[in-house]
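Please look first at the chain as a whole, and then turn to the ligand and the residues that surround it. The paragraphs below follow that order.

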Amino acid sequence: MPRGSARARTAFSRAPVRTGSSRGFTAAPGGQPAPRQQRRGPAPTLGPAAGALRPPSSLSGHQPDAAAGSVHGAVATHVYLARVDVVSDECPFCYQRETLAHLVAYRTDEGQPWVLPVVRKVEQMIASNTSLNHEYLPILGLPDFRANASRIALGDDSPAIKEGRVGGVQSLGGTGALRIGAEFLRRWYNGNNNTATPVYISSPSWENHNSVFTDAGFKDIRTYRYWDPAKRGLDLQGLLEDMEAAPEFSIFILHACAHNPTGTDPTQEQWKQIATVMKRRFLFPFFDSAYQGFASGCLDRDAWAVRYFVAQGFELFCAQSFSKNFGLYNERVGNLSVVGRDANNVQRVLSQMEKIARTTWSNPPSQGARIVATTLTSPQLFAEWKDNVKTMADRVLLMRSELRSRLESLGTPGTWSHITDQIGMFSFTGLNPKQVDYMIKEKHIYLMASGRINMCGLTTKNLDYVASSIHEAVTKI
Ligand SMILES: Cc1ncc(COP(=O)(O)O)c(C=O)c1O
């Protein structure tokens, strides 16, 4: 058989049922041999591309983003657009060390966390449902949750779902989905325990990607070009060149939408080019979908890339997080959608996933999965949820257009269209490290050294202050 056609078989084809090898998904009995009766059929394939928190100050209940009061003489406002690691000890008002959330979570226009109304409603339904108990869930998770999570990623009419070649694994957030997906790939993809398979991560990317794949045992973590600072946009040419140069069967982590940290996504045409190269080069797409619905306000639009790849015949993984779009950050609810060439391959993969989940968290927590499953299975609750998601997305979109228009009307040097071209929670402002330093030290506006801000830190009350401070930083520094 020519090499090419062997590859085209599938990436998952080597994962044995509950044991588990391949170019693609080879499941070899790694470590513990499985009981004889569990070994059936030829090994499966997912084939490469075919296929200090100081307590709130007792001083006057100062609100960090309240544009009132004078701190440090001229400074009236503290604005948190990122996690703050170092807060001036001299300033009694800089209490907000509980800043991790500022880095990654949604905030209302009042700067507060938001429990989605549909979530409140479903929580009450769950609390009063006396038929529910606290028995363990199945190792792979709540069936209704898994099926419906995969359905919203792939679409109601997904041929892959109809053909029975999609499986879901409930996980501890999107991070858990990435971690068990990485573990599976190390064990069974592209040979057995092939820790040398290159894993490509966008430059820049969510910092945890590198650690997750390193901890799963991969030794060759590389970056692919993504962000072009000069044009403040996607470096498509660099990205495609890096894909062309990647060894066949390499794994590529792709942000399904709302790229973190740049807020810059490929257009649909650009995704098509990416898919063409990945298919030709036998590269494995591992989508990270942490912001579905949160980016554009539309679940379907935000899932376009994943669905396009599935329609092109790729076998792939899609790690879904419900932390952001359901606001369920601390419930740790996620799903790994596995799309295989056929039902048999997917069953093999799920069988191996059961082993991985068993030794990782044994079985997953129920509350978040129940909330999501109840919502997704009721047409009325589903409609309410979509409306809630749109509320969050619209607030972010509004802050983007308001910030841009303020900067433009101030005549701030440079172009600011990237603020509205970017999408999702994060924005690369283009401020350089010295300007960032000025913003922090002189204006008490906290952002990342890279210039990244969390758009949710902006509110109608602090927009003017932030815009005039950016103007000052850009004109003075
Ligand atoms: C790109 C990306 N992937 C994954 C995650 C992890 O999500 P979770 O909190 O559900 O583990 C995040 C969270 O910030 C993220 O930004």
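**From the chain to the ligand**

What is shown here is a predicted model, and its secondary structure comes to 17 helices and 15 strands. Of the 477 residues in the chain, 57% count as buried, a term that stands here for a relative accessible area under 20%. The surface that the chain exposes amounts to about 19,300 Å², and 52% of that area is supplied by carbon and sulfur atoms.

Turning to the ligand, one finds 13 residues around it, and Thr-175, Asn-260, Asp-288, Ser-321 and Ser-323 are those that come nearest. By residue class, this shell divides into 4 nonpolar, 6 polar and 3 charged residues. Among the elements of secondary structure, helix H6, which spans residues 173-188, gives the most to the shell, with 3 residues.

Which distances separate polar side-chain atoms from the oxygen atoms of the ligand? For Thr-175, a polar atom of the side chain lies 2.5 Å from an oxygen atom of the ligand, while for Asn-260 an N or O atom in the side chain is 2.7 Å from a ligand oxygen atom. Arg-332 also takes part, with a polar side-chain atom placed 2.7 Å from an oxygen atom of the ligand. Taken on its own, the ligand has 400 Å² of accessible area, and the protein covers 93% of it.

Methods:
Residues numbered from 1 in each chain as written. Predicted model: local features only at pLDDT ≥ 70, side-chain atom pairs only at ≥ 80, totals over all residues. Heavy atoms only, no water. Near = heavy atom within 4 Å. Polar contact = N/O pair within 3.5 Å; in protein donor to acceptor, adjacent residues only side chain to side chain. Areas by Shrake-Rupley, 256 points an atom, 1.4 Å probe, with all protein chains shown as cover. Helix = DSSP H or I, 4+ residues; strand = E, 2+ residues; numbered from the N terminus. Nonpolar A, V, L, I, M, F, W, Y, C, P; charged D, E, K, R; others polar. Buried < 20%, exposed > 50% of the residue type's maximum accessible area, 1.4 Å probe, protein only.
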